[in-house]
Amino acid sequence: MSVQPSKPSVWIEDEQRVREGADSRTVEALLLGGRRQRVDLRGTARLLKFRASYDRDGRYPLQAAVFGSERGVVVVTEDDLFRVGDVFYLAMHGGTRTFTVTEVRKGSRPGDALTIHVLYLGLK
């Protein structure tokens, strides 16, 4: 017999019994508790470890942060060099992938400087 914890939390007396009788997505939702970011990722972006570069060989790195979101790959940079249709290189998984800039816009967050540019990329 299990003892219920004193702190409020998700608690299942016999997890295996519940898993046998319930849909796995329901059990996972219960176990995740209140972590909304696991449930609804719209409007969020995760930082990727890929490096942006001016050239295919990666000799000239670009000062930029690369993110993954529901819209695909997003790059935030202060460089005002890129326009829609330009080629963009990312060093990823030991090689260089070629992308095309599909959209360019100014940074719109309250803390963004006037020089911030957000680039949306698509595979070339």
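I count two strands as paired if DSSP finds at least two bridges between them. With that settled, I opened the model, which is a predicted one.

**Entry: the β3–β4 pair.** I started with β3 (residues 64–69) and its partner β4: six bridges join them, and they run antiparallel. Two residues lie between these strands, and together they form a hairpin. Looking for a register mark, I found Val-66 opposite Val-75 in β4.

**Entry: the other side of β3.** Here I looked up β1, which pairs with β3 in the antiparallel sense over three bridges. Leu-47 stands opposite Phe-67 in β3, a handy spot to click on.

**Entry: β4 onward.** Next I followed β4 to β7 (residues 117–123) and found five bridges in the antiparallel sense. Val-75 turned up again, standing opposite Leu-119 in β7. Then I asked myself: is β4 mostly covered or mostly open? I found that five of the six residues in β4 (residues 72–77) are buried.

**Entry: the whole sheet.** Stepping back, I asked in what order the seven strands form the sheet. I read the order as β1-β3-β4-β7-β6-β5-β2, in an open sheet with antiparallel pairing. At the edges I noted β1 (45–47) and β2 (51–53), each of which pairs on one side only. Last, I checked the twist: neighbouring strands of this sheet are turned by 40 degrees against each other on average, with direction ignored.

**Note to self.** To retrace the path, I would go from Val-66 across to Val-75 in β4, then from Val-75 across to Leu-119 in β7.

Methods. Residues numbered from 1 in each chain as written. Predicted model: local features only at pLDDT ≥ 70, side-chain atom pairs only at ≥ 80, totals over all residues. Heavy atoms only, no water. Buried < 20%, exposed > 50% of the residue type's maximum accessible area, 1.4 Å probe, protein only. Helix = DSSP H or I, 4+ residues; strand = E, 2+ residues; numbered from the N terminus. Axes fitted to C-alpha atoms, helices over the stretch in contact; angles between N-to-C directions.
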